[in-house]
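Hi everyone, thanks for making time for this. I'd like to walk you through some empty space today, so let's bring the model up on the screen.

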Amino acid sequence: AKIPNGGLARTMQEATKTNPSENAEEKEQKLAVGEAYKLKLKEYALLMEYKAMKGRVETGVYVIPGFESLLRWYGAIFVHEGDYNGASFKFTIFLPDTYPNSGTPRLRFETKIYHPLIHSSSRELDLTPAKLPTENSEATRGYMLQLLRYVKEVFYFHEKYWRGDAKETTKFQCICPAAAKQYIRDRTKYRLRCKESVRESLERMKIGADPESSLRFGPYMDSHEVVRDKILKGTKTMVQRNIDYLKWFNSGAAKGAS
């Protein structure tokens, strides 16, 4: 068949045209792959940060990333002295999508806690006094250790974070001024309210964990005895080794090495 003038050129142009819908789908696939890659890198960085925290977290504080999302961490703090003595406060940390470079995290307790730095309704801890490097952070390794240190300090000597040097006893820079005022004016009543918070936290432990939580507590079982004995045995062995070394050193046996 004879192709009219210009027909061949038009045919070639039509053959080389790209279907707009196919082009859009290809772009979406590339974006999806790119986002998935970024997510994997973020998850890897979070796992590396968690691994690096081993042995460096404050005593009495426990934390573990969530099963469903590594941007949600579950933790618990066991308080052994002070106004909140005996408490077992469980909490959840919500990290921003932009962690650790920017964005502000959130920390919410499972139970209500009467505290100058904890919101009475939302149960969220005021993280402003912690001064976390949340904007344009140079510490790309994250700030979880700093955050957990702050969590412990607010239950042992929280006053330094909200009272300051001001002598004014009616205005406080804190999220729960009512608790702050009572702490200053009537410490006995304040401690009674703290005991209520402690009692509620222990009752919450009996109910069971949030189904989504990766940090769960259960009743004491026989299998725990085995683990406990191993820990105690290891501790005694280490102490005995230290005693033997000191005896050897004090006896003068180490003089030959001098």
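How many cavities of 30 Å³ or more does a search of the whole structure find? The answer is one. Please keep in mind that we are looking at a predicted model.

Let's start with that cavity. The largest cavity holds about 30 Å³ of space. Two elements, β3 (88-94) and α6 (187-207), each give two or more residues to its lining. Of the elements, α6 gives the most, with three residues. If you want to select the lining in your viewer, pick Ser88, Lys90, Glu110, Thr111, Ser201, Arg204 and Met205. By class, that lining has three charged residues, three polar ones and one nonpolar one.

Now to the second stop, which is a pocket. How much space lies in the second largest pocket? About 200 Å³. For your selection, its lining residues are Tyr50, Met53, Lys54, Gly55, Arg56, Val57, Glu58, Thr59, Gly60, Val61, Tyr62 and Val63.

Which strand gives the most to the lining of this pocket? That is β1, residues 61-65, with a contribution of three residues. As for chemistry, the lining of the second largest pocket divides into six nonpolar, three polar and three charged residues.

So, to put the two side by side: the cavity lining has one nonpolar residue, while the lining of the second largest pocket has six. Both linings have three polar and three charged residues.

That's my tour, folks. Happy to rotate the view for anyone who'd like another look!

Methods
Residues numbered from 1 in each chain as written. Predicted model: local features only at pLDDT ≥ 70, side-chain atom pairs only at ≥ 80, totals over all residues. Heavy atoms only, no water. 1 Å grid on protein atoms, 1.4 Å probe; cavity = no way out; pocket = protein on both sides within 12 Å on 5 of 7 lines; lining within 4 Å. Points joined across faces, edges and corners; volume = space filled by probe spheres on them. Helix = DSSP H or I, 4+ residues; strand = E, 2+ residues; numbered from the N terminus. Nonpolar A, V, L, I, M, F, W, Y, C, P; charged D, E, K, R; others polar.
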